[in-house]
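Me: Please take a close look at one part of this model, the open sheet and the loop beside its strands. I should like a connected account in formal terms.

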Amino acid sequence: MNVVRINSKNVIFLFMALLSTSIQEARMDYGTATSYALKEANLNSTPAYSSKKEKAFGDDQCPSGIPCTELGAECLRCGLNPNCKYGAIYEANCSVMEHVDCIGEQTFLKKYMCRYCYQTDHWEHQCQQKNSCSSVASPQQYYRTNCTVKDDILCLGRRMFMKNLPCNWTVGYRWSTALILSITLGGFGADRFYLGHWQEGIGKLFSFGGLGVWTLIDVILISMRYLGPADGSLYI
């Protein structure tokens, strides 16, 4: 039987060889990953203010043939002072973007109030309305949506922002119609059918309004606006 003798020098040499191989493989993997990441970044990145982007935006969004001073903020470059005093009125030096055709001087002063766009009043921005919540829930429900500042408003920061709005949407149910139906035809469930409560409407129909008790209760609930449409919307 042959016996292989392993001394300390052989062990150290073997360990150093394995360590060197691992370091080389790690460097190769790191170099490959870095190259791939840079390639992805170059493919996915877009210059913030490239002339091509400005041209497409100006052609699609900015009207032509109007006075330059009437253009919206999306068609202008305005120098706003980020160190201004909140609520104070300032004048910004604005210039028309390239590829925007307008009449008059393309550089002018425009007044603005010092504030960020998300601090504008509700009539100064438009928000996407949603109907995925209940308007009659207690406590009142809120939903988060995208809002965009109107074109004639200058403000600091991004012109599109997220905002929490109360759930108060409607689809056209009238409170007066529901109340009249509840008083006149409530015994047949007409008020419940109108508001979309089909199961309760069928129950009232076959029980003759719960022998009048259910009808009286619904009249009170609708008159107090406690009973609303089944989809969670508000009366108009």
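Reply: Helices (H or I, at least four residues) and strands (E, at least two) are DSSP runs here, numbered from the N terminus. The model is a predicted one, in which local features need pLDDT of at least 70, side-chain atom pairs count only at pLDDT 80 or more, and totals for chains, interfaces and linings use all residues. Residues are numbered from 1 along each chain as its sequence is written, and side-chain values use heavy atoms, with hydrogens and water left out.

The loop between strand S4 (102-103) and strand S5 (107-113) contains Gly 104. Accessibility is described in three classes: buried means under 20% relative accessible area, exposed over 50%, and partly exposed in between (1.4 Å probe, protein chains only). Gly 104 counts as exposed because its relative accessibility is 54%. Its C-alpha atom is separated by 8.0 Å from that of Thr 69, although the two residues are 35 apart along the chain.

Strand S5 also belongs to an open sheet of 3 strands, in the order S2-S3-S5, with antiparallel pairing. Two strands pair if DSSP finds at least two bridges between them. Strand S2 (76-79) and S5 stand at the edges with a single partner strand each, so one side of each is left without a neighbour in the sheet. On average, neighbouring strands of this sheet are turned by 40° against each other, direction ignored; the axes are lines fitted to C-alpha atoms, for helices over the stretch in contact, and angles run from 0 to 180 degrees between N-to-C directions.

Between S2 and strand S3 (residues 89-96), the antiparallel pairing extends over 4 bridges. Gly 79 has Asn 93 in S3 as its bridge partner.

Aromatic residues may be considered next. Rings of Phe, Tyr and Trp (its six-membered ring) pair if their centres lie within 6.5 Å; planes under 30 degrees apart count as stacked, over 60 as edge-to-face and the rest as tilted. By this rule there are 4 aromatic pairs. One of them joins Tyr 116 and Tyr 118, which is stacked because the ring centres are 5.9 Å apart and the planes stand at 15°. Tyr 116 counts as partly exposed, because its relative accessibility is 38%, whereas Tyr 118, with a relative accessible area of 53%, is exposed.
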